[in-house]
Amino acid sequence: MNRGTFSFFVGPSVFIMLSLMTLPLLASIVLGMHFITFRNLDEPLWIGFKNYEEVLGDPEFWDSLEFTLLFIAIAVPARIVLGLMFALLLDQITRFRGVFIAAALVPFVMTPVVGTLIFRDMFDRGGPYWYWMQQLFDYRLFMNSTTVPLLIIFHSIWTATPFAMIVLFAGLQTLPQESLEAARVDGATWLRQLWHVAIPHLRSLFIFIGLISIMDAYRVFDSVFVLTQQNPIYDAETIMYYNFQVALSFGRLGKANAMSVLTVLGIFVVLIPFLVMTYREQTEED
């Protein structure tokens with residue numbers, strides 16, 4: 001695919017997305033330069049870049065960013081690896097494949113808050129996982145600053161892995177059988193076939209899943225809200241959750257808008273390498 005064709009197909013969606021994002025982003029930039037609370041909504045006070053300076057100097061903001069990046073670093077690769085493993089398993093199943101797919105998609109299609117509540121009940125005191133860990137390993141799971149962040153990451157992997165599985169399974173269906181036959185004739189083992197044939201074929205899908213997963217991880221909120229129950233002792237605040245607290249709990253609407261702008265810029269910076277890789281993948285297919 002050459003540059004002109006790529007621009008022809010991608011251009012309209014990019015234009016629409018930029019149009020939908022430009023006005024809200026500009027409004028957030030302007031609002032972020034005002035001191036706004038629930039008491040002065042009608043008469044916001046212009047303070048320039050002080051909200052942005054306050055956000056960048058806020059230790060809790062950096063703590064929430066640190067946890068968000070840790071969340072991305074663990075959850076995104078885990079989704080891709082587990083998605084590939086389940087896709088390979090699904091590719092070998094002939095009977096009851098539809099049942100397996102339907103069962104695997106239940107966490108993904110479930111309402112986030114409802115799914116997180118069920119997930120928490122399974123690990124909470126008296127839940128099935130809590131009971132079996134106590135019976136088998138004599139370990140009592142308590143909700144603390146170590147277990148709650150791990151449960152948030154585990155919940156994300158549990159809910160989003162089916163998406164990666166379906167995408168990669170679809171990619172495996174397009175795998176050239178001639179390449180696999182040639183590898184078998186050359187005496188390649190299953191692992192070598194996977195590494196040298198299947199994974200290179202799925203490379204563009206890995207990038208696509210990575211893009212979607214990073215954007216999804218940056219805006220994780222429901223699981224944090226439910227699993228922490230807004231208790232600060234768990235030390236498990238993501239960017240979106242802390243932004244919510246600043247806006248509604250602390251009433252600092254101007255600072256929350258400034259934080260939103262900085263978050264958008266951060267997402268854009270993180271996604272640039274993936275966008276470049278996607279473009280190169282498309283142009284190399286020409």
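In this predicted model, Arg219 and Asp216 bring their side chains together in a salt bridge, with an N to O distance of 3.1 Å. Of the two partners, Arg219 counts as exposed at 53% relative accessibility, while Asp216 is partly exposed with a relative accessible area of 27%. Elsewhere, salt bridges with shared partners connect Glu54, Asp58, Arg252 and Lys255 into one network. The structure holds six salt bridges, and three of these pairs are set out below with the distance between their closest N and O atoms.

| Basic partner | Acidic partner | N to O distance |
|---|---|---|
| Arg219 | Asp216 | 3.1 Å |
| Lys255 | Asp58 | 3.0 Å |
| Arg120 | Asp124 | 3.8 Å |

In the salt bridge between Asp58 and Lys255, the pair links distant parts of the chain, since Asp58 sits in the loop between α2 and α3 and Lys255 in helix α13 (residues 253-284), 197 residues apart. Asp58 is buried, with a relative accessible area of 9%, and Lys255 is likewise buried, at 7%. For the pair of Arg120 and Asp124, the arginine is buried with a relative accessible area of 7%, whereas Asp124 counts as partly exposed at 27% relative accessibility.

Lys255 also appears among the contacts of Asn51, a residue placed in helix α2 (residues 50-56) and buried, with a relative accessible area of 0%. Beyond its neighbours within four places in sequence, Asn51 is in contact with residues including Leu31, Gly32, Met33, His34 and Phe35, and also with Arg252, Gly254 and Ala258. The C-alpha atoms of Asn51 and Gly254 are separated by 6.8 Å, although these residues lie 203 residues apart along the chain.

On the surface, Glu60, Asp63, Glu66 and Asp235 gather in a patch of negative charge. Glu60 belongs to helix α3 (residues 59-92) and is partly exposed, with a relative accessible area of 37%.

Turning to the chain as a whole, the protein has 13 helices and two strands, and its C-alpha trace spans about 75 × 65 × 30 Å along the principal axes. Of its 286 residues, 39% count as buried, and the chain exposes about 17000 Å², of which carbon and sulfur atoms supply 68%. Among contacts with a separation of 6 or more, residues 24 or more positions apart account for 68%. The chain carries 16 positive and 23 negative charges, whose mean positions are 3 Å apart.

Technical notes:
Residues numbered from 1 in each chain as written. Predicted model: local features only at pLDDT ≥ 70, side-chain atom pairs only at ≥ 80, totals over all residues. Heavy atoms only, no water. Patch = residues over 30% accessible without salt bridge, like charges linked within 9 Å, V, L, I, M, F, W, Y side chains within 5 Å. Areas by Shrake-Rupley, 256 points an atom, 1.4 Å probe, with all protein chains shown as cover. Salt bridge = Lys/Arg side-chain N within 4 Å of Asp/Glu carboxyl O. Lys, Arg positive; Asp, Glu negative; His and termini not counted. Charge placed at Lys NZ, Arg CZ, Asp CG, Glu CD. Helix = DSSP H or I, 4+ residues; strand = E, 2+ residues; numbered from the N terminus. Buried < 20%, exposed > 50% of the residue type's maximum accessible area, 1.4 Å probe, protein only. Contact = heavy atoms within 4.5 Å.
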